[in-house]
Structures are given as C-alpha cells and as structure tokens.
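Student: Got a minute to go through a structure with me? I'd like to pick at a few spots.
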Amino acid sequence: MMTYRLLFHTAVTEIRLTLRNLGFRLFLLFITVLTSAVLLSAPGSSSLVSVVHVANNVLFFQFPLLAIVISPVITRHHSLSREWVWATRLDYPVLLIGQFIGLTVVFFIASLLPLLMMSFWLIPTILNWTTNLSALWTFGLMFILPVTFLEMCAVFSFACWFRNTALVIAVVTALDVLLWLGILTPAASLLTPLNHTLLTLHLDSVAGLGAEKPILVSLLLFYVFLGLGGVIVSIWGSSQIPSYGESRPQHPFVMVGMFVGFTGIFLTFWLYTLSVKQSIVPPPPLSSQINVWGVEVASHNGSISGAEISLQSEFTLRNTSDVSQNNLMLSLNTGQNFIEATVNEYSVSFKRTGETIEILLPSPLAPNGVLNVKMSYAGSPILLREDYSLQTSIQNDSPLSFQNPVQTYLDRNVAYLHRDGDWMAWPLSSRPHLSPDEVITLEVPNHFPVVSSGEIIEQTDTYIKYQWQGRLPQILLATAPYHTVEQSGNMIFLGRYSDKSSLDQAQVILALVETLESKIKLESDRRYTAVILPYAQEVVISGSIIGLPDSKARYSPDNNAWIYDLAQSVSRAWLMDRLSWPGEITSNGYLRDSEIVCEQPDETGHQKCKIISLGKYNLQAPNGRLVNKTGHGSLIDAISMLLALQLTEDFTGSDAFTQREYEIWVVRAGCTGAAFSASDNYQRARWIVSLHQIFNESDFDKMILVLTEKYPPGSLPITEDEFLQVAGNYDYITNIFELPLPCEMLTGNKP
Amino acid sequence: MNEKILNTLSWHFWLLRQNYYIYRRQTLLLFLLSLLFEVMIIPQSDPADVRFMFAVYGEVLLPQMAGWVATGILAGDPSRELLFVTSRPVWKTVVERLELVILTATFSFGSLFLLTHIIKNSESFPNDGLKLFLGSVVSCLLFASIGIFSSVRLRNRAAGGVMITALWALTLLFQQDILASEIGHIIYPFLTLNAPDSPFWIINRLTLIVFSLLLILGTIRLTRQEESLLPHGESEEA
C-alpha cells in the first residue's frame, strides 16, 4: 500500500513539475502551430487524409522535443546536487515508475491538442457532426497515442541508460533525421518503423481501417509493448545501481512487467508479420492459361455471412486454344479456400498457386473440347496492399507497379462485389467475366443499405436473396453503413466517414454523366445511383449505378482542373461500360523496390536503361504479378480526353481552360522531346490532335453512338483499324484520316 | 607587439581549454556523431550520395546539436550564480563558450571531411566540398546563436532547446513552401542541402551570419542584466 501511495505522489509531483516547465509549454505551442500549419498547407484535403497527414508530422517532429523535455527529468537524478534522491526512503525504481506514470498522463493529455486543432480547422468540411468528429478523434487517438507512448518510452529508456541529456537528444535527433530524409529507410513500406507505415496508410471513407486493420492494430500494439518492455528493462537496469539507502527492496512487479512486456512484444510482432504476409502479393504461377477457356455456361450460388462468402459454381468451358489442356487454372482470391471440385462428375485434385487455383483434369482436353466443372469454395477475401496503397516512397513518386483494380472487398460491415472480381472463380481472362448463359444467386445480410443491380427474389428481416441473369452489369452489389442523400431524383450513397468533399464530388460526377449521356443522345431522363465504393481507385459506371472512389480533394467552384480530372474519369468509365476494348494480362511492371535509370540516347537513338534494386524495403509484390491491362491504349485514352474536354467546357461554360489543355496536347503531338520520355504520352497526343482536327463535335458524338451499338461489352473488342473503318464511313473524311504515326517513325529516334 | 598578440592568443586558448573541460562530454559527442556518419558514408560510391550525407550531417543534424549544446552555456550551468558574483563580465564567458561550441562543430565536420578524403578515392568525393563546409559552419553558427539567445531570454534550457528544435522542424517540414519564393531562398537555413545551385546561396549565408551576429549581440546585451538571468522553476540538467 505504501508503494502505491508513493507512486501516486511521485506521479502527481511529476505532473505538477512538467506543467510548470516552460519547455513543456513551448512544446504545446509548437504542436498547435505545427498542426495548424500542416492543415493550412493542404487546404483541399479531406478530413481522413488530414488525420493521417497531421499524425505523421506531429509524431515525427515531436520526437526530439520529447527528448528535450523528458530526458532532463531522469538525468538530473545523477547530477551532484541530487544526493537527496538516494538518501530518502523513496526507492529508485518506484521513483522512476512514478515519474513515468506522471509523464505519460501529461503527454497523453497533450496528445489531444492536435485533435482539438484538427476539429477546429476541419469544421467547414464536416458533413455529419457525430460520425465525422468521432471518426477524426478515434483515428487520431489510435495513431497518435501508441506512437507517442513508444517515443516517450524510447526517450525514457535512453535517459536511464545514457544518464546524459545531450547524448539522448543526439541519438533521438539523429534517428529522426535519418528516418525523415529516407537514409535509414529509403522507401516507405510495411516493415519500416514508426510512421513510415502510417505514411502509406489508407483510411477509407466506407470501410474505415478496413483492410489495414490487422496490420495496423498489431503494429500499434507492438509499439506499446516494445515501449513498455524497454522502460521496464531500463528501470530494472537503473535499480542495479548501488543505493546509499539502508536496503534495496525487491519489486516483483518489475519482473512481472518484464515478462508481460516481452510476451506482448513477441505475440504482437508475430501477428504483425502474419498480417503483412497475407497482404503482400503471393508468387505468380510459373505457367498461366490466359484466354484459353471460353465460358459457355456459368452459374454461381452462394451466401455472405459476416466477413465470409461461400459459393458453389458450375461452368461449361470450351478449350478455345490450339493445344490440348491437362489442367484448368482459375483466378480466386487468396483469402478463399477451395473445398471440392468435380470435372464431368469426376472428383479431381486441385492446388493453390498464388492468386490462382490449378485443377488437374482427369484426361487431357483436346482443342474445342468442352467440359463441365463444379466447385465449392469459401473464405474471407483479402485485399492485397499493392492494389490500394499507392504511395511508395517518402518522395511520393510512384513507379509502375503490379496494381489490379479493386473489384472485391468484404468485411463484417462492408461488401463490394464487381462482376470481374476474384471473389468468384473464373478462368484467367483479359475480357469481362461475361458468358452467354450466366446466373448468379447470392444471399446478402440485410443490416445496412444495399445498392444492387440484381433482382430481389427473396427477402426476410435478416437477409436478401438477389439474382443476376443474362449480360451482367459491372457493379453487382455494394453494401455498407451508408448514409443516403437524394438529389434531383438521383440517390447518393455516402460512406460513414465521407465529408462534404465526397458529396460535392458525387454531385459533380452525376452532373457530368447526365451531360455525357444527353450529348451522345442516350436516354437522359433516367435516374442514377451514385455510391462510394470501398478502396476503389477509379470511377466505375455500371448502367445506372455509378461507383465512386473516395474524394481526394475538396471542390472549389473555380477549380477547372479538378472538373477536368473528374470528366476524364467519367468519360473513361463510361467508354469502358459501353464498349468492348482489347485487353491483356501481363506480368510487365516494376517492383516497387526498384528504380530505373536510363542514360542519354546515342546517335542512333538507342538508350541504355538499368533497373537498380533499392533492396527489400517494399515487399508488396516481391515476385511480380499477372496484371489485367484492359482499357489501356492510345485510342480509348484519346477518345476519353476529347470527351472530357467537351464535358468540361459544357460544365464550366468557358473554353479558356480547355483551350490551354488542348494546346499542351498539340505541343506534345509535335514529338518534341519524345526520345527522352515515355512514348505512350506522345502517341496519345497524336491521336487526340488527329481526332480533334478531323471531326466536328456532333459527328464525333454520333460516331461514339455507332460504336456503342456495334461493339457492346462481351462482343469482340474494337481495334484501331476497326475504328478507322467506322470513321471512314463519314463521307467528308474519307482518305484523310489515317492511323497517327508514332513519334519514333517521324523523328527517326527509337525511344 | 608579436609577443603581446601571442600572449593574448595563448590566454584565450587557455580559457577555451578550461571551458572544454566543462563541456567535454558534449564536444566528444559531436565527434562521435561524425564517426557514426563516416561509417554510413564509407559504403556510398556515388558522389551525389556522399554529398547528400555530408549535407545532412553538416547542415541539418550538427547545427541542431550545436544549438542544443549552446542552450546550456548559461541556462544549463548549475553554478551560474557564481558567474554573476565574479568581477569578470558574464558575456566574456558566454562568448568563449559559444566559440568553443562552434569550433568543436567545425572541427567535427572537418574531421569527417578529412577522414572521408583519406579513406575514399577522389572520384567519389563531391566537387563542392568548400561550399558544403561553409554551409555547415554558417548553419551551426545560426542554430548556436538561436540556442544561446532563446535559453538566456527564456531563462530555461529546455525552453531554448524546444525553440531551436521547433524552428528546425518547421523549416524542414515546409521546405517546399519556403523555397517557392526568393525571400525563402535568402533565409532558408538548409540551402546547401535542398537548393545547392540557388543563385542566392552567398546572400543566404551572409544574411544568416548577420542574423546570428545580431542574436549574439542580443545575448551579450541580456547578460548585462544579471538579475533577470537568475533561474526560475525546474531548469537544471545533467
């Protein structure tokens, strides 16, 4: 009892002393200024982005300040004027623990300051006071408190061991500078300490922590236990110093604390590495069957329960290749487990290879042969970090990587299922997952608002059964604790953490889609549903459902560039939904832990490039990956850019901005500097300029309407030559419009 | 005449040596940091990487540490009351100690330069060594003068330390915003690291020297009001 009283009094005394310390008051002032400056320097950011941004900066720059304020508190016990510490009955470990408790209380309360400042500055962006402010405080405290605790523990432990303030400050500052400038950790990754993991953190307005939860919670708990373990070992080490007192009492709680600390460190780090392992891209299969199988009949039946989805699928597949096949490869999310499979009613063996399942056929299937496959599988789909965490280094550059679009997400509260997602087994194909005869039946929990393109065939209080038949739309289902806003007959489903910027973005996108459809002379009186999709990176238009990514910037009426960006996303998504585009599945890309350095081209235009490995800092896709590149080409880029220019002009009512943008494309189409840069940009520019010079606006819109009728999704994809044939049907441009020549053919250089 | 100068210099060095004994730990620490950076520089082969490491150490880390040591010149002296009762003006002791801190930082960086030059071949050594060296000296002077002035003005070493670290952190964090304007190029303390080819480099260094001298003069002025220098609160450190 005596020990606890001493602990309490020491802690209270330390709190009083710290509050009187001028250095601590200046620390509070610095945190206030820093938080305000960070928020004011990025005025367009959404509140979730701001929370991460502020937490990163506060956590980084408070570390040396904590060293300055905390370390003298410990080191002063060793100065000559402090003999009384050793002469009193107050035991040294009890004194240190009491001081540590007092400092923890003070700095935890000080950690509320950035959140108070954030709440003040972010008031204009708040859409729903309860959810937005509670999210801001919950996420803010979740990031700031554990890392602050670790930093405090590090300073406290260093001070106990070094017993010199200058040395503690030097070590902490050196650590901070080397981390900040990227010398110790050149690229932010999952396995880098402190806020480098927070630097790449993606907070989603629909799913919140979502896919990051297992990684982040285990990491933050690891920080807490690491700090605690370090402090207890330091206190134990300090108590070994000979005391001038009469006796040195033993403290069993120090030993218990050490045991708890080390057990916690071990368990949380194990959990963290396990979560990291699950969220990185597994090695790709050694051989793959891309576009080998034609799906003639497909049927899926299943249900969602919590974060798990179980499905039974049946396919009739035709071998469309020229060679006989011994096995069948299906794409399936890494979190889902295959339970059983039969081929032509024979039970067959299967194995998982990366993101695919390989089924061994009972006998080789000849070209044009048909087989019937039945299978059942279940599990919780895992969203790989490569697909949504785009920031790769502290310099914010983003090299080409192995990113696939996010088409599947499932947790306890949120579900998003896209037709082409890997939640449903399907042969490896670069085309949309469409078959002439397809049925999906799915039972979905009836807890939250549901956006679905399917037909309801059964509904109870606990679940809804949906069915999709025929040519499936892209977005099958999205459900989450959405809040809904109705506007001019259109419905907007906003994520629970969405702020005003998301609503502004949704309204602008709806207006752009309506403008686009009325321009192309499609039905313009239909009602749309806009829904924020979890982790989506691009706009997805699926008939009357428009899937939106999180808003990354706040709307301002004079921001024409923002409108233009949205118009590009809308026109591209619209073209993807209405036309069949060529695609490929490729393993081309660069690991995020590599850098490409090219020399100047020689006289013949040849250029030497080499890939430099930065080391194993970023393991998000360590062995490469098969990536679907559907809809990547100069033609779709050029058409969507031209549509975006028209849409922006209509939306803003002025052509000043669009003229400037077009001039940039004109300059680029001249191929100046093409030898030193990516050729894609120049080829796209040449397409844009050619199309713009030859077509007038109304003929261009008419031609797109013709294309949508001739090349609907699921049909054979449109190629550049076929596009030229369609364009040639317009009398006045016959024999004028030709395929734009690549820059290297014009300049003689080969980039 | 020469003998008189020699005697003055000899007396001055004796004073520096006496002060060195008081600050032995801190000064040795700066050399230890140099050694740590030397270990990190040795594996680098690209002159750009070596230059980057020199600039990080000389212009970012070393000045912050020099600034912290300077905060203890008066506010961190546990026997500072003794300084006030002696007949020798306090400002002389303050300036001598400040000189010691800046000289130590300069020697620390110089030793890193020398050691790297001996160990590595000339091809991997940056070709603007003088610029790096001068940039580092001026930054150390600036942060040391901010450190001594703020600690004497606030009568608290920790407060002085927080002041330098706060300025240092804000400058690092908002480097792009500061360097977006010409005025920013003139006052930015880490110009050798972040914009070495800036046409304002010389003006920047001269401005910072002038600013540092003003702060040192301000410190000297403050030390004349001895009563206001007495400590308050918990401000003693090891």
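Tutor: Sure, let's take the helix, the core, the chain contact and some odd backbone angles in turn.

Student: What sort of model is this, and how are things numbered?
Tutor: It's a predicted model, where local features need pLDDT of at least 70, side-chain atom pairs count only at pLDDT 80 or more, and totals for chains, interfaces and linings use all residues. Residues are numbered from 1 along each chain as its sequence is written, while chains are lettered from A and ligands numbered from 1 in the order in which they are written.

Student: How many residues does helix α3 of chain B have, and what does it span?
Tutor: α3(B) covers residues 47-71, so 25 residues, and reaches 35 Å from first C-alpha to last, close to the 36 Å expected at 1.5 Å a residue (that is, 1.5 Å times one less than the number of residues). Helices here are DSSP runs of H or I with at least four residues, strands are E runs of at least two, and both are numbered from the N terminus.

Student: Where's the kink in α3(B)?
Tutor: At L62(B), about 35°, shortly before the proline P63(B). The bend is the angle between axes fitted to the seven residues ending there and the seven starting there.

Student: And is α3(B) mostly covered or uncovered?
Tutor: Mostly covered, with 20 of its 25 residues buried. Buried takes 20 or more other C-beta atoms within 10 Å of the residue's own, exposed takes 12 or fewer, and partly exposed is in between, with C-beta atoms placed from the backbone.

Student: What does A66(B) touch, beyond neighbours within four places in sequence?
Tutor: V101(B), I102(B), A105(B), C140(B), F143(B) and A144(B); contact means C-beta atoms, placed from the backbone, within 7 Å.

Student: Switching to the interface: how many residues of chain A are in contact with chain B?
Tutor: 36 residues of chain A, in contact with 32 of chain B. α8(A) gives the most to chain A's side, with 9 residues.

Student: Which residue in the loop between β4 and β5 of chain A has a positive phi?
Tutor: N344(A), at about 50°, although it is not a glycine. The loop runs between β4 (336-343) and β5 (346-347).

Student: Why does N344(A) count as partly exposed?
Tutor: Because it has 14 C-beta neighbours inside 10 Å.

Student: What about R155(B)?
Tutor: R155(B) isn't a glycine either, and has a positive phi of about 55°. R155(B) is in the loop between α6 (129-154) and α7 (157-173) of chain B, and counts as partly exposed because it has 19 C-beta neighbours inside 10 Å.

Methods. Two residues are in contact if their C-beta atoms, placed from the backbone, lie within 7 Å.
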